[in-house]
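Reader: I should like to learn how to read a ligand site in a model of this kind. Please give the general idea and then the case at hand.

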Amino acid sequence: MLKQKDLLGLYELSAEEILSVLAEGAKLKAALRKGKKQFSDLAGKSVVTLFYENSTRTRCSFDLAAKNLGANVVNLGVATSSVQKGETLIDTGKTLDAQQNDYMILRHPVAGAPRLLAKTVKAHVINAGDGMNEHPTQALLDFLTMQERFGSIKGLTVAIMGDISHSRVAKSNLYGLKKLGAEVRLFAPSTLMPFGLDRMGAKICRTREEAVEGADVVMGLRIQLERQHAGAFPSLGEYAKYYGVNETVMKYAKKDAIVMHPAPVNRGVELTTALIDGEQSYIEDQIFSGLAVRMAVFKALA
Ligand code: CP
């Protein structure tokens with residue numbers, strides 16, 4: 001289903017490839033909903049996860065997705081591995097390739113690290129988030145949730161609000177949503193808005209209300225405290241007051257609009273707790289979509 005050996009980003013996938021993964025993801029999600037968890041598509045295959053950054057959702061769902069498909073899975077504990085003795089990513093990759101691993105799932109703080117690994121190893125490499133570049137499976141799971149809720153991505157208006165500058169989720173969503181025919185609006189404090197995303201098809205909004213007006217989807221993004229340079233905004237309290245999404249801001253969206261967030265969420269900062277836990281929230285559904293879509297990605301590369 002995917003032409004490439006690896007899944008490195010949505011920038012390089014066609015609309016047809018994205019839609020084919022979503023179609024398979026929808027079938028798998030329906031099966032999971034009925035309680036079916038055992039498949040044999042990856043029987044006899046080996047999957048290794050390498051996370052050089054922390055993760056809960058992505059790592060667990062790749063692990064579960066591979067096991068559901070019948071693979072053997074090794075989670076390399078980077079903190080207790082030879083990476084701590086100075087082993088390079090290339091040498092780690094060669095080692096894992098020599099052990100006949102079929103898939104390597106990499107999260108790394110440096111943009112481009114999955115591409116370097118993919119050039120080095122025979123295994124399929126899946127990008128689980130590289131620096132401020134891309135997080136393709138997060139965007140695919142977001143699309144699965146949107147598609148299931150609205151029937152199609154084409155024609156949707158998606159407002160993405162928060163720390164756009166540091167967000168690989170925003171970039172993967174932008175690349176994919178534009179290919180699928182959605183309007184993408186971006187809103188952030190000007191200190192957290194990179195230059196050039198308008199040239200990728202995004203509408204850059206100057207106010208929260210402009211971004212949310214008539215939107216079908218309002219997606220909050222985490223303020224990435226670990227990547228912040230001092231002075232991007234005065235305090236988290238001021239961020240919440242002037243840039244966060246709250247119930248008043250949501251009144252500008254369509255009546256049946258949904259609230260999304262890749263999580264983890266800074267509660268009360270980018271979204272209010274009432275929105276996170278409210279009826280419009282699809283955050284838990286996104287996590288469920290993540291399991292199905294990652295199973296679909298394994299199958300698409302097989
Ligand atoms: N959304 C996401 O990537 O979450 P984790 O960092 O927990 O994997």
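Reader: How do the residues of the shell around the ligand divide into nonpolar, polar and charged?

Author: Ala, Val, Leu, Ile, Met, Phe, Trp, Tyr, Cys and Pro count as nonpolar, Asp, Glu, Lys and Arg as charged, and the others, Gly among them, as polar. Here the shell holds two nonpolar, five polar and two charged residues. Its members (a heavy atom within 4 Å of the ligand) are Ser-55, Thr-56, Arg-57, Thr-58, Arg-107, His-135, Gln-138, Pro-262 and Ala-263. This is a predicted model: local features need pLDDT of at least 70, side-chain atom pairs count only at pLDDT 80 or more, and totals for chains, interfaces and linings use all residues. Residues are numbered from 1 along each chain as its sequence is written, and side-chain values use heavy atoms, with hydrogens and water left out.

Reader: Which atom of the ligand is 3.1 Å from the side chain of Gln-138?

Author: A nitrogen atom of the ligand is that distance from an N or O atom of the Gln-138 side chain. An oxygen atom of the ligand lies 2.9 Å from a polar side-chain atom of His-135.

Reader: How is empty space read, and what is the volume of the largest pocket?

Author: Rolling a probe the size of a water molecule over the atoms shows where empty space is left. A pocket is an open set of points on a 1 Å grid over the protein atoms alone, where a 1.4 Å probe fits, with protein on both sides within 12 Å along at least five of seven lines. The largest has a volume of about 430 Å³ (the space filled by probe spheres set on the points). Its lining (residues with an atom within 4 Å of a point) comprises 22 residues, with Arg-107 and Arg-168 among those nearest its centre.

Note on methods: A polar contact is a pair of N or O atoms within 3.5 Å; within protein, one must be able to donate a hydrogen and the other to accept it, and residues adjacent in sequence count only if both atoms are side-chain atoms.
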